[in-house]
Amino acid sequence: MERTDLTYRPAWRSYCGHLFLMLVILIFTCIGSFKGPFAKGSGWMFYAMLIVMCLAFLGLFFHMFIKRFSIALKLRDYPDDLSKQEIAFESGIMKNRSIEIGLSKIQHMEVTRTIFQRMLGLGTLVITSAGTDDKEVEVADLYDPYTVRDLIQIHARKYTMNQNANKAAMKENSAPAENNKTE
């Protein structure tokens with residue numbers, strides 16, 4: 001069986017602030033473009049402001065686009081081999097960063113939510129792994145972060161149960177071999 005990836009990205013709801021600012025800039029640009037050229041003494045200053053507003057609008061749009069498609073949290077599931085299960089965090093478009101954490105190495109997961117995030121059903125998931133003092137992965141603006149955290153915990157428990165069953169099976173298989181040596 002092939003591996004399946006469950007991918008989580010920042011939710012579209014997290015862009016309400018961006019969209020509001022873009023709407024305000026668009027409204028001011030429209031008002032200025034109708035009123036500005038006809039106002040007395042409005043030469044080059046009007047066109048400079050129009051260019052600045054258009055650049056701000058495009059900047060917000062590209063920031064929103066880059067934020068949406070540059071961050072991904074993936075839960076990699078190998079159905080035939082539970083020992084390979086891991087979480088992969090990928091970020092960046094120009095400069096790419098990829099972190100893979102085995103499920104057995106996860107020490108702590110934390111969900112934080114601001115008032116604005118709570119109103120939109122969003123949150124930030126922070127994952128700390130063994131061997132680090134600081135947060136290793138932080139994914140902001142996830143939709144329903146508690147579900148993502150619970151899904152990771154379920155997979156981690158499955159992995160731990162599988163490891164414990166393998167250890168018990170190895171002990172049982174090695175015990176008869178030791179008994180045969182004593183006879």
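Does C16 count as buried, partly exposed or exposed, and what is its relative accessibility? In this predicted model, C16 counts as partly exposed, because its relative accessibility of 33% falls between the limits for buried and exposed residues. C16 belongs to helix α1, which covers residues 16–35. Once residues up to four places away in sequence are set aside, C16 touches F116 and L120. The second of these partners is a long way off in sequence: C16 and L120 are 104 residues apart along the chain, yet their C-alpha atoms are separated by 9.2 Å.

From this helix, the description can turn to the nonpolar interior. In soluble globular proteins, nonpolar side chains tend to be buried together. Here the largest nonpolar core has 18 residues, and those with the most contacts inside it are L73, I106, L125, I127, V137 and I152. Two or more residues of this core come from each of the strands β3 (86–91), β4 (97–102), β5 (106–112), β6 (122–129) and β7 (137–143), and from helix α4 (145–182). Helix α4 gives the most, with four residues. A second core, separate from this one, has five residues, including Y15, M22, I25 and M64.

V137 offers a helpful way into the largest core, being one of the residues with the most contacts inside it. With neighbours within four places in sequence left aside, V137 is in contact with L73, F89, I99, I101, L125, V126 and I127.

Strand β6 also holds a polar residue worth a look, S129. S129 counts as buried, because its relative accessibility is 6% and the cut-off for buried is under 20%. Leaving out residues up to four places away in sequence, S129 touches I101, K105, I106, Q107 and E136. Among these partners, I106 is also one of the residues with the most contacts inside the largest core.

Two aspartates stand out for their backbone angles. D141, which is not a glycine, nevertheless has a positive phi of about 60°. The place of D141 is in strand β7, and D141 is buried, with a relative accessible area of 11%. D144 likewise has a positive phi in a residue other than glycine, with a value near 50°. D144 lies in the loop between β7 and α4. At 32% relative accessibility, D144 counts as partly exposed. The pair can thus be told apart by setting: D141 is buried in a strand, whereas D144 is partly exposed in a loop.

Key. Residues are numbered from 1 along each chain as its sequence is written. This is a predicted model: local features need pLDDT of at least 70, side-chain atom pairs count only at pLDDT 80 or more; totals for chains, interfaces and linings use all residues. Side-chain values use heavy atoms; hydrogens and water are left out. A nonpolar core is a set of buried Ala, Val, Leu, Ile, Met, Phe, Trp, Tyr and Cys residues joined through side-chain atoms within 4.5 Å. Buried means under 20% relative accessible area, exposed over 50%, partly exposed in between (1.4 Å probe, protein chains only). Contact means heavy atoms within 4.5 Å.
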